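Morning, everyone. I'd like to walk through helix packing and domain contacts in one model. Here it is.

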Amino acid sequence: MSATPTCAPLFITMHDADNVAIVANDGGLPAGTEFPSGLTLVDKVPQAHKVALVDIPEGGEVRRYNVVIGYALKPLPAGTWVHERLLKMPPARELVGLPIATIKPEPQPPLEGYTFEGYRNLDGSVGTRNILAITQTVQCVAGVTDFAVSRIKSELLPKYPNVDDVVALEHTYGCGVAIDAPDAIIPIRTLRNISLNPNFGGEVMLVSLGCEKLQPERLMPPGTIPLIDERNVADVGSSADAKLDVVCLQDDAHVGFMSMVESIMRQAEEHLERLNARRRETVPASELVVGVQCGGSDAFSGVTANPAVGYCTDLLVRAGATVMFSEVTEVRDGIDQLTSRATTPEVAEAMIREMAWYDAYLDKGRVDRSANTTPGNKKGGLSNIVEKAMGSIVKSGSSPISGVISPGEKLKQKGLIYAATPASDFICGTLQLAAGMNLHVFTTGRGTPYGLAEVPVIKVATRADLARRWHDLMDINAGTIATGEKTIADVGWEMFQLMLDVASGRKKTWAEHWKLHNALVLFNPAPVT
Ligand code: CA
């Protein structure tokens, strides 16, 4: 039994202009509770849910984060529990007339002297783990690859102690799809770029069936793999002759299942030998490429964990590192905050282009913005996507936004980057992997055991109660911000230090400890045939 501190009734307001606040106490508060301010609850209000601070008339604006998150569907007297059934969602902001690169923040002093121990790659990127990844061109080969990977792990990996893991890059793409459709570029480049993630050391090997639409040369055209090119140039004198390492299951040479498995194992061992020779070296913190994400969010996400991530984002940017924030549908309602923070009009225009593409994508599927927010979000106090977005966007901190990439693209520059992805946890994580992420930060209020086999995932709990119950799944407790034990800056710094430890391999995340891995899910907006 661990004791939960009993606190005085407490609500948290995000902005002076807000007319609702959220109840902070574990278990919520009963009707009749009186706050020190004199406000008395009319209803029982669950933890993280909103209470009206003043009388709000029917049709009146309901403000949180100094943004209208809805209009009252009936009069809401002060002390009322304000939940989604009492609110009308405001319309989405049009993508015209937005403030473009209007905010010119004072440059923050550089943060120098922070380092971690990483694996430097030939292309200059740095890995935080040393993993053999086996790329599959098509789902058909997944069972065979999985069988071979089990044997590689038990029979070969013990001989190569400097290699952390062997991971099959399994996915559901590769055939039965309209591969020449314009949007097919997204899943194809995603898979290509994941194979080139810094944690895999440039050791690309493919397992192909043979008859699939996504042929190995289409997935990995000549020139995409720096290591192979260099090795081949040394061998044969021309990068045009660079050979992909492909095990093709339909190859005539294979007689029987074990022939395929042994072929995969034989090829894998060549890569394991080279990976095993890699050593960590001290590199500046600027080599971190951090993807930030949230999932299973609640109303505390935007109060505790996400602001702490935002603080840490600013530290990373000051240290010269790269931070990606994503999740189109969860920042769409704050588009004006983003375009105003763009370093140049071009960056702002690129963000608008990504949002417009996604608006059209949702229109095509005949869904609207109510499609994002889950039953759990609502139970956690988030009334709609506007409120969720305001809490989500703070993960991006306050630094200028210096670049934008489209789904599946690889990063081309450092700094704070908007990497356009769906908000779906596994699709966003998959696309951030493709962008070149070497560390992942994930905040959750409802709780999710999310993890990836390819990069370490640091999970941050928004509430002390979740951190207590999921003590061996959550790496950081940001609930201490709501209880007043720590500040946003305290938790932001704690996160920054933990990142350097995890990136160096000195610490493992809980998801790594338990080997909790979600599937790679390729975003395929193109038709399936
Ligand atoms: Ca998400």
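Which hand does the crossing of H1 and H5 have? It is right-handed. By that I mean that the near helix is turned clockwise from the far one by less than a right angle; anticlockwise would be left-handed.

Some ground rules. This is a predicted model, where local features need pLDDT of at least 70, side-chain atom pairs count only at pLDDT 80 or more, and totals for chains, interfaces and linings use all residues. Residues are numbered from 1 along each chain as its sequence is written, and side-chain values use heavy atoms, with hydrogens and water left out. Helices (H or I, at least four residues) are DSSP runs, numbered from the N terminus.

Back to the pair. H1 covers residues 142-156 and H5 covers residues 257-276. They pack at about 55 degrees, axes 9 Å apart. Axes are lines fitted to C-alpha atoms over the stretch in contact, and angles run from 0 to 180 degrees between N-to-C directions. That angle makes H1 oblique to H5. Oblique is what remains once you remove roughly parallel (under 35 degrees), roughly antiparallel (over 145) and roughly perpendicular (65 to 115).

Who touches whom? Contact means heavy atoms within 4.5 Å. From H1 the contact includes Phe 147, Arg 151 and Glu 155; from H5, Met 258, Glu 262 and Met 265 are among the residues. By class, that contact has 13 nonpolar, 1 polar and 4 charged residues. Ala, Val, Leu, Ile, Met, Phe, Trp, Tyr, Cys and Pro count as nonpolar, Asp, Glu, Lys and Arg as charged, and the others, Gly among them, as polar.

Next, H6 (residues 305-318) and H15 (residues 488-503). Angle about 60 degrees, axes 8 Å apart. They are therefore oblique to each other. The crossing is right-handed. Tyr 311 and Leu 315 of H6 take part, as do Trp 493 and Phe 496 of H15, among others. The class count here is 14 nonpolar, 1 polar and no charged.

Third pair: H2 (residues 185-195) and H12 (residues 425-435). Their axes come within 7 Å and cross at roughly 60 degrees. This crossing is left-handed. Thr 190, Asn 193 and Ile 194 in H2 meet Thr 430, Leu 431, Leu 433 and Ala 434 in H12. That divides into 4 nonpolar, 3 polar and no charged.

Now domains. The chain splits into domain 1 (1-91), domain 2 (118-280) and domain 3 (289-514); the bounds come from an automatic or database domain assignment. The C-alpha centres of domains 1 and 3 lie 25 Å apart. Their contact takes 25 residues from domain 1 and 21 from domain 3.

How much area do domain 1 and domain 3 bury between them? About 1900 Å², 60% of it on carbon and sulfur atoms. Buried area is the accessible area (1.4 Å probe) that two parts lose on being put together, summed over both. Tyr 65, Glu 84 and Met 89 supply 28% of the area that domain 1 buries against domain 3, more than any other three residues.

Note on methods: Helix = DSSP H or I, 4+ residues; strand = E, 2+ residues; numbered from the N terminus.
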